Amino acid sequence: MSQPTPSPRIPRLLETKRIYLRPFESTDVDIYFPGLFDAEMRRLTGTQNSFTRTQVERYIENAAQDDSRLMLLIALQENDQVIGEIALMDLHTKNLSAHIRIAIDHTEHQGKGYGSEALLLMLDYGFGICNLHRIELEVYAFNQRAIRTYEKLGFQREGVRREALYYNHQYHDAIQMSMLENEFRERHVSRLR
């Protein structure tokens with residue numbers, strides 16, 4: 001009697017009980033590409049350009065070769081469904097700093113804490129493995145849900161780039177926020193271990 005062939009385990013770089021972060025694979029273009037045309041995601045991220053499938057394939061290939069960024073997909077443990085992406089970008093080895101960005105796709109996945117979990121995993125990786133001192137982000141002033149999440153996690157407001165984004169016939173402010181390694185450790189490390 002033959003044993004059933006176990007399905008291959010999807011590589012997981014970081015994980016919690018509910019989600020895991022994994023690298024992009026060439027087949028992920030089919031998952032990633034349609035999300036670039038979701039109207040709400042385009043608004044929240046300030047995406048103004050349109051992309052072809054070929055451009056997205058090249059972007060993913062280039063990101064995998066770029067040492068100055070770490071781009072990962074966010075997937076659910078229960079069914080391996082990809083629900084978003086997260087990235088550490090502009091990794092600066094002299095200043096020990098980086099920029100973080102995250103997007104949770106579709107409203108059915110938002111407001112459930114997945115973004116907070118993914119951010120904590122990536123912050124822990126950035127401060128604890130990459131030896132970063134500072135991680136920063138930028139969020140548009142109309143994205144109050146994201147601002148509340150970032151503040152709850154311990155990001156500090158640093159300033160405002162006034163009317164930095166022109167979208168849908170209006171200018172919008174961009175809020176600059178950051179977290180330092182000691183702030184992360186004081187607030188989260190004992191809880192994560």
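Helices (H or I, at least four residues) and strands (E, at least two) are DSSP runs, numbered from the N terminus, and two strands pair if DSSP finds at least two bridges between them. The model is predicted: local features need pLDDT of at least 70, side-chain atom pairs count only at pLDDT 80 or more, and totals for chains, interfaces and linings use all residues. Residues are numbered from 1 along each chain as its sequence is written, and side-chain values use heavy atoms, with hydrogens and water left out.

**Exercise 1. Find the hairpin formed by β7 and β8, and describe its turn.**

Step 1. Look at how the two strands run: β7 and β8 are antiparallel, joined by eight bridges.
Step 2. Pick one pair across the strands: R157 lies opposite M177 of β8.
Step 3. Go to the turn, where two residues separate the strands and N168 has a positive phi of about 55 degrees.

**Exercise 2. Place β7 in the sheet, and say why one of its sides has no neighbour there.**

Step 1. Write down the strand order of this open, eight-stranded sheet with mixed pairing: β1-β2-β3-β4-β5-β6-β8-β7.
Step 2. Read off the edges: β1 (14–15) and β7 (156–167) each have a single partner strand, so one side of each lacks a neighbour in the sheet.
Step 3. Now add the helix that packs on the sheet: α4 (residues 114–128) touches β1, β2, β3, β4, β5, β6 and β8, and its direction makes about 160 degrees with that of β5. Contact here means heavy atoms within 4.5 Å.

**Exercise 3. Describe the surroundings of Q176 in β8.**

Step 1. Classify its exposure: Q176 is partly exposed because its relative accessibility is 25% (buried is under 20% relative accessible area, exposed over 50%, partly exposed in between; 1.4 Å probe, protein chains only).
Step 2. Look beyond neighbours within four places in sequence: the contacts of Q176 include L137, E138, Q156 and E158.
Step 3. Check one of these by distance: the C-alpha atoms of Q176 and E158 are 5.5 Å apart, though their positions lie 18 residues apart along the chain.
Step 4. Finish with the side chains: those of Q176 and E138 make a polar contact at 2.9 Å (a pair of N or O atoms within 3.5 Å; within protein, one must be able to donate a hydrogen and the other to accept it, and residues adjacent in sequence count only if both atoms are side-chain atoms).

Notes: Axes are lines fitted to C-alpha atoms, for helices over the stretch in contact, and angles run from 0 to 180 degrees between N-to-C directions.
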